[in-house]
Amino acid sequence: MVNRLDVNDPYFAIDKKLTLILKTGQILMENAADTNRITRTMKRVAAFMRINLDAFHIHITYTTIMVNINGDNQSVTKFQKCIKHGVDMTKISAVSKLSWRAIKKNYTLEDYERDLKAIMYAKKQYSRVFIALGAGLACGGFCKLFGGDWAAFLYTAVCASLGFEVRRYCRKFSINPYASIAIASFASTVLAYFVHFLPGSVTPWHPLLACALFIVPGIPLINSVEDMLDNYIVSGMTRAVNTILMVFSMSFGIVFAIRLCQVEDFTMINTQPSGPYLVYGIAAAIASVGFSTIFNVPKRLLWVVALGGMISVCTRNFINIGLGMGLPTGSFAGAMIVSFIAIKAVHYVHTPIHVITLPSVIPMIPGVFMYRLMFGIININIIDVNSFIKVFQSGITANLTILAIAVGVAIPHMFARSYLGRGKNEHFKRVLRRRSR
């Protein structure tokens, strides 16, 4: 690795290096990697390209990435916009592996560019129909976790799958992403209202609670909290605002459907899990695997995510119901345990930690309390004081639970990063030394 910027390096070569580094960061940002991971990976790629890291600077926001090389006689700065944000765990994992492989196998810039383009334009592992089915099963799992029966599970899965397809068509016709969310949640809720007239379920209202939860922005929320804890304030705040807009769009669609169908407040129905832990563990596994198809988690890791979902939900239920310590405490413990297990598991499954943890904790999102808060806001002019207090409590519980999940995932990873980072840094230095011989 050179000690300073090589001023004899032609400008087009420096420009190409920076472009490839920016494209690396763009893939990660647009597919829901946290900012710390983006920074570390970009620096690793810069080192592979023999750029002195002391002369290399990165600035990342949610929509723009900037890099600068500042040498003795020249300074080069480039920007890259990040526009199409989604979630693709396979691309995050592939970029991480490519950054290490490029160093170990002494790639040329052309080799790296070829493999990076293959990742950028790679198709999803799951077909369109399979992803829609996965979205439906994810919401069906939520319905079961909320206390619904298996008939309600089936009804929810059908409504959610159709709602997911509506959102896909909205994207196909380039409709505003927030409007797409509102339209999809509206469609799912209307369908769920009509299926409650169908026979076979003793919990006919539960599909209304879960049918639109395939939109729930759990990963942007967790990333926003982790970014702010990592002191990436601008990126974290932007992710948080995006999350809030997604929730508002989702709520608007649901409220519009509820008003149109003249649905009365049904959110005080019993949602307390009462069956065996195994049943709710299976429901959590189904929800985690369903979300994994939406997030394009590698197929080989689906069983790992399913196990993580079972552990997180069963831990939450035991602490919340068995020990009576409350939903936020139970959710925090469930997220913490999965995160600690993932710290060790990544050595065996060879994937970034968030590929395992994020889909595993999504089934703990407190959808019921969010609905109660929403109904309370809708009916604020007609509810009495006692009802208002219950609505306020639901809002506090929902927000504390969501924060507990995000912090529970983030903190173990942050503390472990310094421990794991030492070993990775030593390995990184050894690889670079072998490469320079």
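**Close-up views: two cavities and a three-stranded sheet**

The count comes to two cavities of 30 Å³ or more, a cavity being a set of points on a 1 Å grid over the protein atoms alone where a 1.4 Å probe fits but cannot get out. This is a predicted model, in which local features need pLDDT of at least 70, side-chain atom pairs count only at pLDDT 80 or more, and totals for chains, interfaces and linings use all residues. Residues are numbered from 1 along each chain as its sequence is written, and side-chain values use heavy atoms, with hydrogens and water left out.

**View A. The second largest cavity and its lining.** Here the volume is about 30 Å³, meaning the space filled by probe spheres set on the grid points. Lining residues (an atom within 4 Å of a point) include Ala 32, Asp 34, Arg 37, Met 89 and His 354. Helices α3 (89-104) and α14 (353-361) each give two or more residues to this lining; helices are DSSP runs of H or I with at least four residues, strands runs of E with at least two.

**View B. An open antiparallel sheet.** Three strands follow the order β1-β2-β3, where pairing requires at least two DSSP bridges. At the edges lie β1 (56-60) and β3 (75-81), each paired on one side only. Neighbouring strands are turned by 15° against each other on average, direction ignored, using axes fitted to C-alpha atoms.

**View C. β1, β2 and the helix packed on them.** Five bridges join β1 to β2 (residues 64-70), and Ile 58 stands opposite Val 67 in β2. Helix α2 (residues 35-48) touches both β1 and β2, its direction making about 155° with that of β1; contact means heavy atoms within 4.5 Å, and angles run from 0 to 180 degrees between N-to-C directions, with helix axes fitted over the stretch in contact.

Notes. 1 Å grid on protein atoms, 1.4 Å probe; cavity = no way out; pocket = protein on both sides within 12 Å on 5 of 7 lines; lining within 4 Å.
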